[in-house]
Amino acid sequence: MVAAAPITDIETHRITLARKPGGTQTMAETIIKIDLDTSPYDNDMVHNRWHPDIPMAAMVKPGDDFIVECHDWTGGQIHNNDNAEDVRDVDLTQVHFLSGPVGVEGAEPGDLLVVDILDIGTFE
């Protein structure tokens with residue numbers, strides 16, 4: 001049996017993700033903004049995979065509250081008035097849009113990060 005490594009070597013950072021519910025004001029800064037009328041391919045803060053070579057889109061400090069705006073996973077192909085066929089016919093070669101990555105000042109590979117998501121909402 002192999003003994004587990006002690007967790008005392010893991011540094012914990014607490015970061016908080018806030019989002020404007022229903023367009024109300026919040027004191028948190030929007031660190032990643034998107035334009036729903038623009039292709040996600042035209043936004044340098046949006047990507048479609050996690051890879052160590054993708055540079056940080058934004059940096060935060062431990063304890064910061066911030067807002068990250070996101071496209072839906074299809075990059076805007078699905079709308080509120082779509083039906084089941086529209087969803088079925090989504091172009092799957094243009095999916096998996098992710099906002100970020102967001103770096104945390106002082107965090108290093110192997111650190112354990114605690115993220116509190118305070119709210120999730122829609123633009124409409």
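Biologist: What area does the protein expose, and what share of that area do carbon and sulfur atoms supply?

Modeller: In this model, which is predicted, the protein exposes about 8900 Å². Carbon and sulfur atoms supply 54% of that area. Of the 124 residues, 29% count as buried.

Biologist: How do you know that Phe 97 is buried?

Modeller: A residue is called buried when its relative accessible area is under 20%. The value for Phe 97 is 9%, so Phe 97 is buried.

Biologist: What makes the rings of Tyr 41 and Phe 97 an edge-to-face pair?

Modeller: The search for aromatic pairs gives a count of 1. The ring centres of Tyr 41 and Phe 97 are 5.3 Å apart, and the planes stand at 80 degrees. Two rings pair when their centres lie within 6.5 Å, and planes over 60 degrees apart count as edge-to-face. Both conditions are met, so the pair is edge-to-face.

Biologist: Why is this pair said to tie together parts that are apart in sequence?

Modeller: Tyr 41 belongs to the loop between strand E2 (29-32) and strand E3 (46-47), whereas Phe 97 belongs to the loop between H1 and E6. These parts are 56 residues apart in sequence, so the pair ties them together. Tyr 41 itself has a relative accessible area of 48% and is therefore partly exposed.

Biologist: Where is Asn 43 found, and why is Asn 43 called buried?

Modeller: Asn 43 is in the loop between E2 and E3. Its relative accessible area of 17% is under the 20% limit, so Asn 43 is buried. The side chain of Asn 43 also reaches the backbone nitrogen of Met 45 at 2.8 Å. Setting aside neighbours within four places in sequence, Asn 43 is in contact with Lys 33 and Ile 34.

Biologist: What makes Ser 99 buried, and which residues does Ser 99 touch?

Modeller: Ser 99 lies in strand E6 (residues 98-99). Its relative accessibility is 15%, which is under 20%, so Ser 99 counts as buried. Not counting residues up to four places away in sequence, Ser 99 touches several residues, including Ile 32, Met 45, Trp 50 and Glu 69. A polar atom of the Ser 99 side chain lies 2.7 Å from the backbone oxygen of Glu 69.

Biologist: How do you know that Arg 88 and Asp 89 meet in a salt bridge?

Modeller: Side chains of opposite charge can pair when their charged atoms come close. The side chains of Arg 88 and Asp 89 are 2.9 Å apart, N to O. The limit is 4 Å, so the two side chains form a salt bridge. A search of the whole structure finds 1 salt bridge.

Biologist: Why is Arg 88 called exposed?

Modeller: The word exposed requires a relative accessible area over 50%. Arg 88 has 60%, so Arg 88 is exposed.

Biologist: Where is Leu 92 placed, and why does Leu 92 count as exposed?

Modeller: Leu 92 is in the loop between helix H1 (84-88) and E6. Its relative accessibility is 59%, which is over 50%, so Leu 92 counts as exposed. The C-alpha atoms of Leu 92 and Thr 74 are separated by 7.8 Å, and these residues are 18 apart along the chain.

Biologist: What is the phi of His 96, and why is His 96 called partly exposed?

Modeller: Most residues other than glycine have a negative phi, and most peptide bonds are trans. His 96 is not a glycine, yet its phi is positive, at about 75 degrees. His 96 is in the loop between H1 and E6. Its relative accessible area is 42%, which is neither under 20% nor over 50%, so His 96 is partly exposed.

Biologist: What kind of peptide bond joins Gly 100 and Pro 101?

Modeller: A cis peptide bond joins Gly 100 and Pro 101, with omega at about 0 degrees. Pro 101 is in the loop between E6 and strand E7 (102-104).

Biologist: Which residues make the nonpolar surface patch, and why does Leu 113 count as partly exposed?

Modeller: Leu 113, Val 115, Ile 117 and Ile 120 make the patch, which covers about 380 Å². Leu 113 is in strand E8 (residues 112-117). Its relative accessibility of 37% lies between 20% and 50%, so Leu 113 counts as partly exposed.

Biologist: How many helices and strands does the protein have?

Modeller: The secondary structure comes to 1 helix and 8 strands. From the N terminus on, the elements run β-β-β-β-β-α-β-β-β.

Conventions
Residues are numbered from 1 along each chain as its sequence is written. This is a predicted model: local features need pLDDT of at least 70, side-chain atom pairs count only at pLDDT 80 or more; totals for chains, interfaces and linings use all residues. Side-chain values use heavy atoms; hydrogens and water are left out. Buried means under 20% relative accessible area, exposed over 50%, partly exposed in between (1.4 Å probe, protein chains only). Helices (H or I, at least four residues) and strands (E, at least two) are DSSP runs, numbered from the N terminus. A polar contact is a pair of N or O atoms within 3.5 Å; within protein, one must be able to donate a hydrogen and the other to accept it, and residues adjacent in sequence count only if both atoms are side-chain atoms. Contact means heavy atoms within 4.5 Å. Patches are made of residues with over 30% relative accessible area and no salt bridge: like charges are joined within 9 Å, nonpolar side chains (Val, Leu, Ile, Met, Phe, Trp, Tyr) within 5 Å. Accessible areas come from the Shrake-Rupley method with a 1.4 Å probe; for residues, only the protein chains shown count as cover. Rings of Phe, Tyr and Trp (its six-membered ring) pair if their centres lie within 6.5 Å; planes under 30 degrees apart count as stacked, over 60 as edge-to-face and the rest as tilted.
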